[in-house]
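Please keep the sequence and the 3D view open while you read this note. Take the points in order.

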There are 2 protein chains.
Amino acid sequence: MTAQGVSRRERVRQATLAEIRAAARRLLIEQGSQAVTINAVAREMGMSGPALYHYFAGHDELVGAVTADFFRELTEAMETARDACPPGEHGARLLAACRAMRSWSVSHRAEFGWVFASPITAERRPDSPRELAGRDFEQIFLEEIAELWKSRRFPVPAPEELPASIREQLRAYADSTGVGLPVEAIHVFMSCWIRLYGLLCMEVLNQLDFVYSDMEPVFEECLREIAPKLGLDYETETTAKAVPGRS
Amino acid sequence: MTAQGVSRRERVRQATLAEIRAAARRLLIEQGSQAVTINAVAREMGMSGPALYHYFAGHDELVGAVTADFFRELTEAMETARDACPPGEHGARLLAACRAMRSWSVSHRAEFGWVFASPITAERRPDSPRELAGRDFEQIFLEEIAELWKSRRFPVPAPEELPASIREQLRAYADSTGVGLPVEAIHVFMSCWIRLYGLLCMEVLNQLDFVYSDMEPVFEECLREIAPKLGLDYETETTAKAVPGRS
DNA sequence: TAAATTTGCTTAGAGGCATTAAGGAAAAAT
DNA sequence: ATTTTTCCTTAATGCCTCTAAGCAAATTTA
(Lines give C-alpha, C1' and ligand atoms only; values in the text may rest on other atoms or scores of the structure.)
Protein backbone atom coordinates (compact mmCIF):
# COMPACT_ATOMS: atom_id res chain seq x y z
CA MET A 1 0.00 0.00 0.00
CA THR A 2 1.30 3.43 -0.92
CA ALA A 3 0.14 6.82 0.18
CA GLN A 4 -2.62 6.58 -2.43
CA GLY A 5 -3.90 3.46 -0.76
CA VAL A 6 -3.36 1.45 -3.93
CA SER A 7 -0.29 -0.62 -4.65
CA ARG A 8 1.76 0.03 -7.71
CA ARG A 9 0.88 -3.45 -8.85
CA GLU A 10 -2.80 -2.70 -8.65
CA ARG A 11 -2.31 0.51 -10.58
CA VAL A 12 -0.50 -1.29 -13.36
CA ARG A 13 -3.21 -3.91 -13.42
CA GLN A 14 -5.92 -1.32 -13.76
CA ALA A 15 -4.01 0.36 -16.53
CA THR A 16 -3.72 -2.92 -18.40
CA LEU A 17 -7.41 -3.60 -17.91
CA ALA A 18 -8.19 -0.19 -19.35
CA GLU A 19 -5.86 -0.83 -22.28
CA ILE A 20 -7.55 -4.13 -23.02
CA ARG A 21 -10.96 -2.58 -23.06
CA ALA A 22 -9.75 0.26 -25.22
CA ALA A 23 -8.23 -2.18 -27.69
CA ALA A 24 -11.45 -4.19 -27.79
CA ARG A 25 -13.41 -1.03 -28.44
CA ARG A 26 -11.04 0.02 -31.18
CA LEU A 27 -11.48 -3.33 -32.88
CA LEU A 28 -15.24 -3.08 -32.57
CA ILE A 29 -15.33 0.34 -34.13
CA GLU A 30 -12.85 -0.32 -36.87
CA GLN A 31 -13.68 -3.87 -37.83
CA GLY A 32 -17.02 -4.77 -36.30
CA SER A 33 -18.12 -6.97 -33.47
CA GLN A 34 -16.84 -10.12 -35.10
CA ALA A 35 -13.31 -8.78 -34.87
CA VAL A 36 -13.41 -8.53 -31.10
CA THR A 37 -11.76 -11.82 -30.27
CA ILE A 38 -9.43 -12.61 -27.40
CA ASN A 39 -6.61 -13.25 -29.79
CA ALA A 40 -7.12 -10.11 -31.83
CA VAL A 41 -7.35 -7.90 -28.76
CA ALA A 42 -4.18 -9.40 -27.37
CA ARG A 43 -2.39 -9.03 -30.68
CA GLU A 44 -3.56 -5.43 -30.88
CA MET A 45 -1.59 -4.63 -27.74
CA GLY A 46 1.38 -6.88 -28.30
CA MET A 47 0.41 -9.65 -25.96
CA SER A 48 -0.20 -13.32 -26.46
CA GLY A 49 -3.78 -14.51 -26.43
CA PRO A 50 -3.79 -16.57 -23.27
CA ALA A 51 -2.34 -13.64 -21.31
CA LEU A 52 -5.75 -12.00 -21.40
CA TYR A 53 -7.13 -14.78 -19.25
CA HIS A 54 -5.34 -13.19 -16.33
CA TYR A 55 -7.68 -10.25 -16.73
CA PHE A 56 -10.91 -11.77 -17.96
CA ALA A 57 -12.27 -15.23 -17.35
CA GLY A 58 -13.07 -15.60 -21.02
CA HIS A 59 -14.43 -13.99 -24.11
CA ASP A 60 -17.90 -13.49 -22.64
CA GLU A 61 -16.60 -11.64 -19.63
CA LEU A 62 -14.52 -9.33 -21.80
CA VAL A 63 -17.53 -8.60 -23.94
CA GLY A 64 -19.61 -7.97 -20.83
CA ALA A 65 -17.05 -5.56 -19.41
CA VAL A 66 -16.84 -3.58 -22.62
CA THR A 67 -20.61 -3.51 -22.89
CA ALA A 68 -20.83 -2.21 -19.34
CA ASP A 69 -18.35 0.54 -20.28
CA PHE A 70 -20.61 1.62 -23.10
CA PHE A 71 -23.65 1.59 -20.89
CA ARG A 72 -21.85 3.72 -18.31
CA GLU A 73 -20.63 6.16 -20.92
CA LEU A 74 -24.12 6.50 -22.34
CA THR A 75 -25.55 6.97 -18.87
CA GLU A 76 -22.97 9.63 -18.10
CA ALA A 77 -23.71 11.52 -21.30
CA MET A 78 -27.37 11.52 -20.40
CA GLU A 79 -26.73 12.67 -16.85
CA THR A 80 -24.56 15.49 -18.08
CA ALA A 81 -27.21 16.67 -20.49
CA ARG A 82 -29.87 16.36 -17.84
CA ASP A 83 -27.89 18.28 -15.27
CA ALA A 84 -27.33 21.11 -17.72
CA CYS A 85 -31.00 21.91 -17.12
CA PRO A 86 -32.29 23.55 -13.96
CA PRO A 87 -33.06 21.01 -11.18
CA GLY A 88 -36.73 21.85 -11.05
CA GLU A 89 -37.53 21.63 -14.72
CA HIS A 90 -38.19 17.94 -14.97
CA GLY A 91 -39.69 18.17 -18.41
CA ALA A 92 -36.66 19.86 -19.89
CA ARG A 93 -34.36 17.48 -18.04
CA LEU A 94 -36.20 14.47 -19.39
CA LEU A 95 -36.13 15.74 -22.95
CA ALA A 96 -32.45 16.56 -22.60
CA ALA A 97 -31.71 13.05 -21.39
CA CYS A 98 -33.67 11.53 -24.27
CA ARG A 99 -31.86 13.64 -26.82
CA ALA A 100 -28.53 12.84 -25.25
CA MET A 101 -29.39 9.18 -25.51
CA ARG A 102 -29.90 9.40 -29.23
CA SER A 103 -27.03 11.80 -29.69
CA TRP A 104 -24.61 9.39 -28.05
CA SER A 105 -26.07 6.48 -29.97
CA VAL A 106 -25.71 8.14 -33.32
CA SER A 107 -22.14 9.23 -32.67
CA HIS A 108 -21.28 5.81 -31.28
CA ARG A 109 -23.23 3.51 -33.53
CA ALA A 110 -20.99 0.51 -33.16
CA GLU A 111 -21.03 0.71 -29.39
CA PHE A 112 -24.75 1.26 -29.12
CA GLY A 113 -25.48 -1.51 -31.56
CA TRP A 114 -23.40 -3.84 -29.49
CA VAL A 115 -25.23 -3.04 -26.30
CA PHE A 116 -28.50 -4.06 -27.89
CA ALA A 117 -28.04 -6.71 -30.45
CA SER A 118 -25.38 -8.05 -28.18
CA PRO A 119 -23.83 -11.27 -29.41
CA ILE A 120 -24.07 -12.29 -25.77
CA THR A 121 -27.54 -13.47 -24.91
CA ALA A 122 -26.14 -15.59 -22.13
CA GLU A 123 -24.57 -13.96 -19.12
CA ARG A 124 -27.67 -12.24 -17.79
CA ARG A 125 -26.52 -12.87 -14.27
CA PRO A 126 -28.34 -10.12 -12.39
CA ASP A 127 -25.15 -8.95 -10.68
CA SER A 128 -22.94 -8.79 -13.76
CA PRO A 129 -21.39 -5.40 -14.53
CA ARG A 130 -23.51 -5.23 -17.62
CA GLU A 131 -26.78 -5.66 -15.74
CA LEU A 132 -25.74 -3.22 -13.04
CA ALA A 133 -24.85 -0.59 -15.62
CA GLY A 134 -28.13 -1.26 -17.36
CA ARG A 135 -29.97 -0.60 -14.15
CA ASP A 136 -28.23 2.75 -13.69
CA PHE A 137 -29.27 3.64 -17.20
CA GLU A 138 -32.89 2.74 -16.53
CA GLN A 139 -32.72 4.67 -13.27
CA ILE A 140 -32.17 7.98 -15.03
CA PHE A 141 -35.61 7.89 -16.55
CA LEU A 142 -37.25 6.33 -13.57
CA GLU A 143 -35.96 8.98 -11.17
CA GLU A 144 -36.85 11.89 -13.37
CA ILE A 145 -40.31 10.51 -14.00
CA ALA A 146 -40.79 10.05 -10.28
CA GLU A 147 -39.77 13.66 -9.65
CA LEU A 148 -42.06 14.78 -12.41
CA TRP A 149 -44.90 12.80 -10.89
CA LYS A 150 -44.28 14.27 -7.48
CA SER A 151 -44.09 17.85 -8.69
CA ARG A 152 -46.78 17.88 -11.31
CA ARG A 153 -48.77 14.77 -12.00
CA PHE A 154 -49.33 13.76 -15.56
CA PRO A 155 -52.56 12.23 -16.86
CA VAL A 156 -52.92 8.51 -16.32
CA PRO A 157 -55.53 6.05 -17.57
CA ALA A 158 -58.43 5.27 -15.30
CA PRO A 159 -57.90 2.03 -13.37
CA GLU A 160 -60.54 0.19 -15.35
CA GLU A 161 -58.86 1.12 -18.62
CA LEU A 162 -55.76 -0.81 -17.70
CA PRO A 163 -56.08 -4.52 -18.57
CA ALA A 164 -55.69 -6.70 -15.51
CA SER A 165 -52.88 -8.76 -16.98
CA ILE A 166 -50.80 -5.66 -17.62
CA ARG A 167 -51.61 -4.21 -14.25
CA GLU A 168 -50.34 -7.29 -12.42
CA GLN A 169 -47.06 -7.28 -14.27
CA LEU A 170 -46.58 -3.57 -13.64
CA ARG A 171 -47.45 -4.05 -9.98
CA ALA A 172 -44.45 -6.34 -9.49
CA TYR A 173 -42.15 -3.98 -11.33
CA ALA A 174 -43.44 -0.88 -9.53
CA ASP A 175 -42.74 -2.53 -6.20
CA SER A 176 -39.23 -3.50 -7.23
CA THR A 177 -38.19 -0.02 -8.32
CA GLY A 178 -38.70 1.61 -4.96
CA VAL A 179 -39.50 5.01 -6.44
CA GLY A 180 -43.06 4.76 -5.25
CA LEU A 181 -44.84 5.44 -8.50
CA PRO A 182 -48.40 4.14 -8.86
CA VAL A 183 -49.04 1.44 -11.39
CA GLU A 184 -50.88 3.78 -13.75
CA ALA A 185 -47.93 6.15 -13.86
CA ILE A 186 -45.55 3.29 -14.52
CA HIS A 187 -47.79 2.29 -17.37
CA VAL A 188 -47.57 5.69 -18.98
CA PHE A 189 -43.83 5.66 -18.46
CA MET A 190 -43.47 2.28 -20.11
CA SER A 191 -45.62 3.33 -23.06
CA CYS A 192 -43.31 6.24 -23.69
CA TRP A 193 -40.23 4.20 -23.04
CA ILE A 194 -41.27 1.51 -25.50
CA ARG A 195 -41.87 4.03 -28.24
CA LEU A 196 -38.65 5.94 -27.74
CA TYR A 197 -36.35 3.05 -27.08
CA GLY A 198 -38.04 0.92 -29.73
CA LEU A 199 -37.43 3.59 -32.29
CA LEU A 200 -33.77 3.81 -31.39
CA CYS A 201 -33.56 0.05 -31.43
CA MET A 202 -34.92 -0.08 -34.96
CA GLU A 203 -32.68 2.72 -36.11
CA VAL A 204 -29.57 1.04 -34.82
CA LEU A 205 -30.57 -2.33 -36.22
CA ASN A 206 -31.13 -0.70 -39.61
CA GLN A 207 -34.73 -1.80 -39.71
CA LEU A 208 -35.89 1.54 -41.05
CA ASP A 209 -33.28 2.45 -43.60
CA PHE A 210 -35.50 1.22 -46.40
CA VAL A 211 -37.40 4.46 -45.83
CA TYR A 212 -35.36 6.92 -43.78
CA SER A 213 -31.76 7.90 -44.20
CA ASP A 214 -31.92 10.63 -41.56
CA MET A 215 -33.76 9.54 -38.47
CA GLU A 216 -33.23 12.68 -36.43
CA PRO A 217 -36.51 14.39 -37.38
CA VAL A 218 -38.33 11.10 -36.88
CA PHE A 219 -36.95 10.91 -33.37
CA GLU A 220 -37.95 14.49 -32.68
CA GLU A 221 -41.45 13.76 -33.86
CA CYS A 222 -41.56 10.83 -31.50
CA LEU A 223 -40.55 13.13 -28.66
CA ARG A 224 -43.22 15.58 -29.67
CA GLU A 225 -45.82 12.86 -29.50
CA ILE A 226 -44.60 11.51 -26.20
CA ALA A 227 -44.23 14.83 -24.39
CA PRO A 228 -47.95 15.53 -23.84
CA LYS A 229 -48.44 12.04 -22.41
CA LEU A 230 -46.15 13.10 -19.58
CA GLY A 231 -47.79 16.48 -19.34
CA LEU A 232 -44.77 18.17 -20.83
CA ASP A 233 -44.40 20.95 -23.32
CA TYR A 234 -42.39 19.79 -26.28
CA GLU A 235 -39.49 22.15 -26.63
CA THR A 236 -37.13 22.28 -29.55
CA GLU A 237 -33.58 21.56 -28.65
CA THR A 238 -31.76 24.67 -27.58
CA THR A 239 -28.28 23.45 -26.70
CA ALA A 240 -25.55 22.43 -29.09
CA LYS A 241 -26.11 19.58 -31.49
CA ALA A 242 -24.68 16.13 -31.09
CA VAL A 243 -20.94 16.08 -30.66
CA PRO A 244 -19.45 14.38 -33.71
CA GLY A 245 -18.01 11.07 -32.53
CA ARG A 246 -15.54 8.77 -34.11
CA SER A 247 -17.77 5.89 -35.10
CA MET B 1 -35.34 -33.82 -68.63
CA THR B 2 -38.22 -36.00 -67.52
CA ALA B 3 -41.92 -35.56 -68.01
CA GLN B 4 -41.91 -33.25 -65.02
CA GLY B 5 -39.44 -31.00 -66.75
CA VAL B 6 -36.90 -31.44 -64.00
CA SER B 7 -34.08 -33.93 -64.10
CA ARG B 8 -33.71 -36.48 -61.38
CA ARG B 9 -30.40 -34.90 -60.52
CA GLU B 10 -32.06 -31.57 -59.96
CA ARG B 11 -34.70 -33.13 -57.78
CA VAL B 12 -32.08 -34.80 -55.62
CA ARG B 13 -30.22 -31.54 -55.38
CA GLN B 14 -33.30 -29.67 -54.25
CA ALA B 15 -34.01 -32.35 -51.67
CA THR B 16 -30.48 -32.02 -50.31
CA LEU B 17 -30.79 -28.25 -50.21
CA ALA B 18 -34.00 -28.60 -48.24
CA GLU B 19 -32.37 -31.07 -45.88
CA ILE B 20 -29.48 -28.71 -45.26
CA ARG B 21 -31.78 -25.85 -44.41
CA ALA B 22 -33.85 -28.08 -42.18
CA ALA B 23 -30.74 -29.23 -40.35
CA ALA B 24 -29.57 -25.65 -39.92
CA ARG B 25 -32.94 -24.68 -38.54
CA ARG B 26 -32.95 -27.61 -36.14
CA LEU B 27 -29.55 -26.57 -34.83
CA LEU B 28 -30.72 -22.98 -34.44
CA ILE B 29 -33.77 -24.03 -32.46
CA GLU B 30 -32.10 -26.63 -30.32
CA GLN B 31 -28.74 -25.05 -29.67
CA GLY B 32 -28.93 -21.42 -30.66
CA SER B 33 -27.54 -19.39 -33.52
CA GLN B 34 -23.95 -20.02 -32.56
CA ALA B 35 -24.44 -23.70 -33.25
CA VAL B 36 -25.35 -23.12 -36.88
CA THR B 37 -21.94 -23.75 -38.41
CA ILE B 38 -21.12 -25.34 -41.73
CA ASN B 39 -19.44 -28.20 -39.97
CA ALA B 40 -22.21 -28.81 -37.50
CA VAL B 41 -24.89 -28.73 -40.17
CA ALA B 42 -22.93 -31.19 -42.30
CA ARG B 43 -22.31 -33.45 -39.32
CA GLU B 44 -26.01 -33.31 -38.47
CA MET B 45 -26.82 -34.95 -41.79
CA GLY B 46 -23.86 -37.30 -42.05
CA MET B 47 -21.81 -35.32 -44.52
CA SER B 48 -18.37 -33.84 -44.38
CA GLY B 49 -18.10 -30.11 -43.90
CA PRO B 50 -16.62 -29.14 -47.25
CA ALA B 51 -19.42 -30.98 -49.05
CA LEU B 52 -21.77 -28.17 -48.14
CA TYR B 53 -19.79 -25.81 -50.30
CA HIS B 54 -21.37 -27.52 -53.29
CA TYR B 55 -24.68 -26.09 -52.12
CA PHE B 56 -23.78 -22.79 -50.52
CA ALA B 57 -20.89 -20.51 -51.28
CA GLY B 58 -20.13 -20.18 -47.58
CA HIS B 59 -21.49 -19.72 -44.14
CA ASP B 60 -23.02 -16.34 -44.91
CA GLU B 61 -24.98 -17.63 -47.86
CA LEU B 62 -26.35 -20.52 -45.82
CA VAL B 63 -27.41 -18.11 -43.10
CA GLY B 64 -29.02 -15.88 -45.70
CA ALA B 65 -30.95 -18.74 -47.24
CA VAL B 66 -32.28 -19.92 -43.90
CA THR B 67 -33.18 -16.36 -42.95
CA ALA B 68 -35.07 -16.00 -46.21
CA ASP B 69 -36.96 -19.20 -45.40
CA PHE B 70 -38.05 -17.73 -42.11
CA PHE B 71 -39.14 -14.52 -43.75
CA ARG B 72 -41.17 -16.43 -46.30
CA GLU B 73 -42.79 -18.60 -43.66
CA LEU B 74 -43.71 -15.56 -41.63
CA THR B 75 -45.09 -13.85 -44.70
CA GLU B 76 -47.14 -16.90 -45.56
CA ALA B 77 -48.60 -17.13 -42.07
CA MET B 78 -49.62 -13.50 -42.31
CA GLU B 79 -51.16 -13.94 -45.73
CA THR B 80 -53.14 -16.94 -44.55
CA ALA B 81 -54.49 -15.04 -41.57
CA ARG B 82 -55.29 -12.06 -43.73
CA ASP B 83 -57.09 -14.13 -46.34
CA ALA B 84 -59.25 -15.76 -43.68
CA CYS B 85 -61.00 -12.38 -43.51
CA PRO B 86 -63.43 -11.16 -46.16
CA PRO B 87 -61.66 -9.41 -49.05
CA GLY B 88 -63.35 -6.09 -48.45
CA GLU B 89 -62.70 -5.75 -44.74
CA HIS B 90 -59.30 -4.19 -44.88
CA GLY B 91 -59.30 -3.28 -41.22
CA ALA B 92 -59.93 -6.82 -40.09
CA ARG B 93 -57.42 -8.12 -42.62
CA LEU B 94 -54.76 -5.75 -41.36
CA LEU B 95 -55.34 -6.64 -37.74
CA ALA B 96 -55.29 -10.31 -38.61
CA ALA B 97 -51.96 -9.91 -40.38
CA CYS B 98 -50.49 -8.03 -37.42
CA ARG B 99 -51.62 -10.66 -34.97
CA ALA B 100 -50.34 -13.41 -37.19
CA MET B 101 -47.00 -11.65 -37.26
CA ARG B 102 -46.70 -11.73 -33.51
CA SER B 103 -48.22 -15.16 -33.25
CA TRP B 104 -45.63 -16.63 -35.58
CA SER B 105 -42.88 -14.73 -33.83
CA VAL B 106 -43.81 -15.98 -30.41
CA SER B 107 -44.13 -19.57 -31.52
CA HIS B 108 -40.87 -19.31 -33.48
CA ARG B 109 -38.76 -17.17 -31.23
CA ALA B 110 -35.43 -18.50 -32.37
CA GLU B 111 -36.26 -17.98 -36.03
CA PHE B 112 -37.69 -14.52 -35.56
CA GLY B 113 -34.84 -13.43 -33.38
CA TRP B 114 -32.45 -14.51 -36.07
CA VAL B 115 -34.19 -12.53 -38.76
CA PHE B 116 -33.73 -9.36 -36.76
CA ALA B 117 -30.66 -9.46 -34.68
CA SER B 118 -29.13 -11.37 -37.52
CA PRO B 119 -25.48 -12.16 -36.97
CA ILE B 120 -25.18 -11.19 -40.63
CA THR B 121 -25.01 -7.46 -41.01
CA ALA B 122 -23.12 -7.88 -44.22
CA GLU B 123 -24.80 -9.37 -47.25
CA ARG B 124 -27.42 -6.65 -47.76
CA ARG B 125 -27.11 -7.08 -51.49
CA PRO B 126 -30.47 -5.79 -52.68
CA ASP B 127 -31.11 -8.90 -54.78
CA SER B 128 -30.22 -11.49 -52.15
CA PRO B 129 -32.96 -13.97 -51.24
CA ARG B 130 -33.12 -12.41 -47.83
CA GLU B 131 -33.82 -8.92 -49.13
CA LEU B 132 -36.36 -10.17 -51.64
CA ALA B 133 -38.22 -12.09 -48.95
CA GLY B 134 -38.09 -9.02 -46.76
CA ARG B 135 -39.70 -6.99 -49.49
CA ASP B 136 -42.57 -9.45 -49.82
CA PHE B 137 -43.08 -9.18 -46.11
CA GLU B 138 -43.23 -5.41 -46.25
CA GLN B 139 -45.57 -5.64 -49.20
CA ILE B 140 -48.32 -7.28 -47.17
CA PHE B 141 -48.82 -4.18 -45.10
CA LEU B 142 -48.24 -1.80 -47.92
CA GLU B 143 -50.84 -3.42 -50.13
CA GLU B 144 -53.47 -3.65 -47.46
CA ILE B 145 -52.90 -0.06 -46.43
CA ALA B 146 -53.21 1.00 -50.04
CA GLU B 147 -56.51 -0.83 -50.36
CA LEU B 148 -57.68 0.70 -47.14
CA TRP B 149 -56.73 4.11 -48.37
CA LYS B 150 -58.57 3.60 -51.63
CA SER B 151 -61.74 2.28 -50.03
CA ARG B 152 -61.99 4.50 -46.99
CA ARG B 153 -59.38 7.16 -46.36
CA PHE B 154 -57.94 7.46 -42.91
CA PRO B 155 -57.05 10.78 -41.31
CA VAL B 156 -53.68 12.22 -42.27
CA PRO B 157 -51.76 15.19 -40.91
CA ALA B 158 -52.10 18.48 -42.71
CA PRO B 159 -49.21 19.10 -45.12
CA GLU B 160 -47.77 21.84 -42.93
CA GLU B 161 -47.67 19.57 -39.92
CA LEU B 162 -45.25 17.22 -41.62
CA PRO B 163 -41.64 18.39 -41.23
CA ALA B 164 -40.01 19.02 -44.57
CA SER B 165 -37.08 16.69 -43.88
CA ILE B 166 -39.42 13.80 -43.22
CA ARG B 167 -41.58 14.64 -46.18
CA GLU B 168 -38.65 14.48 -48.57
CA GLN B 169 -37.54 11.11 -47.35
CA LEU B 170 -41.06 9.75 -47.56
CA ARG B 171 -41.44 11.18 -51.04
CA ALA B 172 -38.62 9.01 -52.33
CA TYR B 173 -39.98 5.93 -50.62
CA ALA B 174 -43.55 6.56 -51.75
CA ASP B 175 -42.38 6.78 -55.34
CA SER B 176 -40.42 3.56 -55.07
CA THR B 177 -43.31 1.48 -53.73
CA GLY B 178 -45.56 1.98 -56.69
CA VAL B 179 -48.73 1.64 -54.66
CA GLY B 180 -49.60 5.27 -55.25
CA LEU B 181 -50.12 6.35 -51.69
CA PRO B 182 -49.69 10.06 -50.91
CA VAL B 183 -46.82 11.06 -48.66
CA GLU B 184 -49.10 11.86 -45.73
CA ALA B 185 -50.64 8.41 -45.83
CA ILE B 186 -47.21 6.80 -45.96
CA HIS B 187 -46.30 8.84 -42.93
CA VAL B 188 -49.23 7.50 -40.94
CA PHE B 189 -48.39 4.01 -42.11
CA MET B 190 -44.78 4.37 -41.00
CA SER B 191 -45.79 5.72 -37.60
CA CYS B 192 -47.91 2.67 -37.01
CA TRP B 193 -45.31 0.35 -38.42
CA ILE B 194 -42.59 1.73 -36.21
CA ARG B 195 -44.67 1.26 -33.10
CA LEU B 196 -45.79 -2.25 -33.90
CA TYR B 197 -42.57 -3.59 -35.32
CA GLY B 198 -40.50 -1.77 -32.72
CA LEU B 199 -42.46 -3.40 -29.97
CA LEU B 200 -41.92 -6.83 -31.47
CA CYS B 201 -38.27 -6.01 -31.95
CA MET B 202 -37.87 -5.16 -28.29
CA GLU B 203 -39.80 -8.20 -27.20
CA VAL B 204 -37.65 -10.54 -29.20
CA LEU B 205 -34.45 -8.86 -28.10
CA ASN B 206 -35.57 -9.23 -24.49
CA GLN B 207 -35.38 -5.52 -23.90
CA LEU B 208 -38.62 -5.47 -21.95
CA ASP B 209 -38.41 -8.54 -19.80
CA PHE B 210 -37.31 -6.45 -16.85
CA VAL B 211 -40.95 -5.43 -16.66
CA TYR B 212 -43.13 -7.76 -18.70
CA SER B 213 -43.14 -11.53 -18.76
CA ASP B 214 -46.23 -11.75 -20.96
CA MET B 215 -46.18 -9.30 -23.81
CA GLU B 216 -49.39 -10.38 -25.48
CA PRO B 217 -51.66 -7.83 -23.76
CA VAL B 218 -49.05 -5.14 -24.38
CA PHE B 219 -49.13 -5.95 -28.06
CA GLU B 220 -52.92 -5.87 -28.08
CA GLU B 221 -52.87 -2.47 -26.42
CA CYS B 222 -50.50 -1.29 -29.09
CA LEU B 223 -52.95 -2.49 -31.73
CA ARG B 224 -55.77 -0.72 -29.96
CA GLU B 225 -53.83 2.53 -30.04
CA ILE B 226 -52.82 2.15 -33.64
CA ALA B 227 -56.19 1.15 -35.04
CA PRO B 228 -57.86 4.58 -34.85
CA LYS B 229 -54.90 6.16 -36.61
CA LEU B 230 -55.82 4.08 -39.63
CA GLY B 231 -59.48 4.78 -39.15
CA LEU B 232 -60.10 1.23 -37.98
CA ASP B 233 -62.24 -0.20 -35.25
CA TYR B 234 -60.13 -2.18 -32.87
CA GLU B 235 -61.63 -5.64 -32.73
CA THR B 236 -60.68 -8.30 -30.26
CA GLU B 237 -59.28 -11.37 -31.86
CA THR B 238 -62.00 -13.80 -32.84
CA THR B 239 -60.13 -16.68 -34.38
CA ALA B 240 -58.13 -19.34 -32.61
CA LYS B 241 -55.13 -18.35 -30.55
CA ALA B 242 -51.54 -18.77 -31.64
CA VAL B 243 -50.66 -22.25 -32.75
CA PRO B 244 -48.18 -23.67 -30.26
CA GLY B 245 -44.89 -23.94 -32.10
CA ARG B 246 -41.87 -25.93 -31.31
CA SER B 247 -39.46 -23.25 -30.30
C1' DT C 1 -22.83 -49.36 -75.56
C1' DA C 2 -18.41 -47.08 -74.47
C1' DA C 3 -16.05 -42.88 -73.54
C1' DA C 4 -16.12 -38.33 -71.77
C1' DT C 5 -17.98 -35.20 -68.68
C1' DT C 6 -20.26 -33.51 -64.83
C1' DT C 7 -21.57 -33.89 -60.12
C1' DG C 8 -21.23 -35.16 -55.25
C1' DC C 9 -18.60 -36.36 -52.18
C1' DT C 10 -14.22 -37.51 -49.66
C1' DT C 11 -9.76 -36.43 -47.00
C1' DA C 12 -5.83 -33.22 -46.27
C1' DG C 13 -4.43 -28.97 -44.94
C1' DA C 14 -3.89 -23.88 -43.87
C1' DG C 15 -5.04 -20.53 -40.75
C1' DG C 16 -8.00 -18.57 -36.99
C1' DC C 17 -10.52 -18.95 -32.69
C1' DA C 18 -11.27 -20.14 -27.32
C1' DT C 19 -9.36 -22.22 -23.81
C1' DT C 20 -6.27 -25.12 -20.64
C1' DA C 21 -1.80 -26.49 -19.04
C1' DA C 22 2.91 -26.00 -17.80
C1' DG C 23 6.72 -23.25 -16.97
C1' DG C 24 9.93 -19.12 -16.80
C1' DA C 25 11.09 -14.59 -15.28
C1' DA C 26 10.29 -10.54 -12.74
C1' DA C 27 8.32 -8.16 -8.91
C1' DA C 28 6.71 -8.10 -4.16
C1' DA C 29 6.47 -9.87 0.35
C1' DT C 30 8.71 -12.16 3.95
C1' DA D 1 18.05 -13.40 0.72
C1' DT D 2 14.49 -16.44 0.08
C1' DT D 3 9.85 -17.48 -0.78
C1' DT D 4 5.65 -16.33 -2.91
C1' DT D 5 2.83 -14.10 -6.08
C1' DT D 6 1.97 -12.23 -10.51
C1' DC D 7 2.44 -11.79 -15.38
C1' DC D 8 3.43 -13.58 -19.32
C1' DT D 9 5.12 -17.04 -22.50
C1' DT D 10 4.73 -21.31 -25.59
C1' DA D 11 2.48 -25.81 -26.44
C1' DA D 12 -1.41 -28.22 -27.30
C1' DT D 13 -6.56 -29.56 -27.94
C1' DG D 14 -10.38 -29.08 -30.47
C1' DC D 15 -13.48 -26.26 -32.68
C1' DC D 16 -14.33 -23.28 -36.81
C1' DT D 17 -14.15 -21.59 -42.26
C1' DC D 18 -12.65 -22.46 -46.43
C1' DT D 19 -9.43 -24.22 -50.47
C1' DA D 20 -7.30 -27.99 -52.93
C1' DA D 21 -6.82 -32.43 -54.84
C1' DG D 22 -8.85 -36.51 -56.02
C1' DC D 23 -12.10 -40.64 -56.24
C1' DA D 24 -16.43 -42.71 -57.73
C1' DA D 25 -20.90 -42.68 -59.40
C1' DA D 26 -24.33 -40.67 -62.34
C1' DT D 27 -25.23 -38.44 -66.55
C1' DT D 28 -24.42 -37.04 -71.11
C1' DT D 29 -22.38 -37.66 -75.49
C1' DA D 30 -20.59 -40.07 -79.34
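The points below go from chain A, to the contact between the chains, to the DNA strands, and end with one helix pair.

1. **Status of the model.** This is a predicted model. Keep that in mind for each point below.

2. **Chain A as a whole.** Start with the secondary structure. Chain A has 9 helices and 0 strands. Read from the N terminus, its elements therefore need just one symbol: α-α-α-α-α-α-α-α-α. Along the principal axes, the C-alpha atoms of chain A fill a box of roughly 60 × 45 × 40 Å.

3. **Inside chain A.** How much of chain A is buried? Of its 247 residues, 36% count as buried. Now look at contacts with a separation of 6 or more. In chain A, 67% of these join residues 24 or more positions apart.

4. **Where the chains meet.** In chain A, 24 residues are in contact with 24 residues of chain B. Which helices of chain A each supply at least two residues to this side? They are α7 (164-177), α8 (183-204) and α9 (216-226). The most comes from α8(A), with 8 residues. By class, the side of chain A that touches chain B has 16 nonpolar, 5 polar and 3 charged residues.

5. **DNA strand C.** There are 21 residues around DNA strand C. The nearest are A:T37, A:I38, A:P50, A:G58 and B:S48. At least two residues of this surface come from each of α1, α2 (38-44) and α3 (59-83) of chain A, and from α1 of chain B. The surface near strand C divides into 7 nonpolar, 9 polar and 5 charged residues.

6. **DNA strand D.** Strand D is surrounded by 21 residues. Closest to it are A:S48, A:A51, B:T37, B:P50 and B:G58. Here α1 (8-31) of chain A supplies at least two residues, and so does each of α1 (8-31), α2 (38-44) and α3 (59-83) of chain B. By class, the surface near strand D has 7 nonpolar, 9 polar and 5 charged residues.

7. **A helix pair in chain B.** Two packed helices are described by the angle and the distance between their axes. The axes of α1(B) and α3(B) come within 10 Å and cross at roughly 85°. Angles of 65 to 115 degrees count as roughly perpendicular, so α1(B) is roughly perpendicular to α3(B). Which residues meet here? From α1(B) come B:R21, B:A24 and B:R25, and from α3(B) come B:L62, B:A65, B:V66 and B:D69. The residues of this contact divide into 4 nonpolar, no polar and 3 charged.

Methods
Residues are numbered from 1 along each chain as its sequence is written. Chains are lettered from A and ligands numbered from 1 in the order in which they are written. This is a predicted model: local features need pLDDT of at least 70, side-chain atom pairs count only at pLDDT 80 or more; totals for chains, interfaces and linings use all residues. A residue is near a molecule or strand if its C-beta atom, placed from the backbone, lies within 6 Å of it. Helices (H or I, at least four residues) and strands (E, at least two) are DSSP runs, numbered from the N terminus. Ala, Val, Leu, Ile, Met, Phe, Trp, Tyr, Cys and Pro count as nonpolar, Asp, Glu, Lys and Arg as charged, and the others, Gly among them, as polar. Two residues are in contact if their C-beta atoms, placed from the backbone, lie within 7 Å. A residue is buried if 20 or more other C-beta atoms lie within 10 Å of its own, exposed if 12 or fewer, and partly exposed in between; C-beta atoms are placed from the backbone. Axes are lines fitted to C-alpha atoms, for helices over the stretch in contact, and angles run from 0 to 180 degrees between N-to-C directions. Angles under 35 degrees count as roughly parallel, over 145 as roughly antiparallel, 65 to 115 as roughly perpendicular and the rest as oblique.
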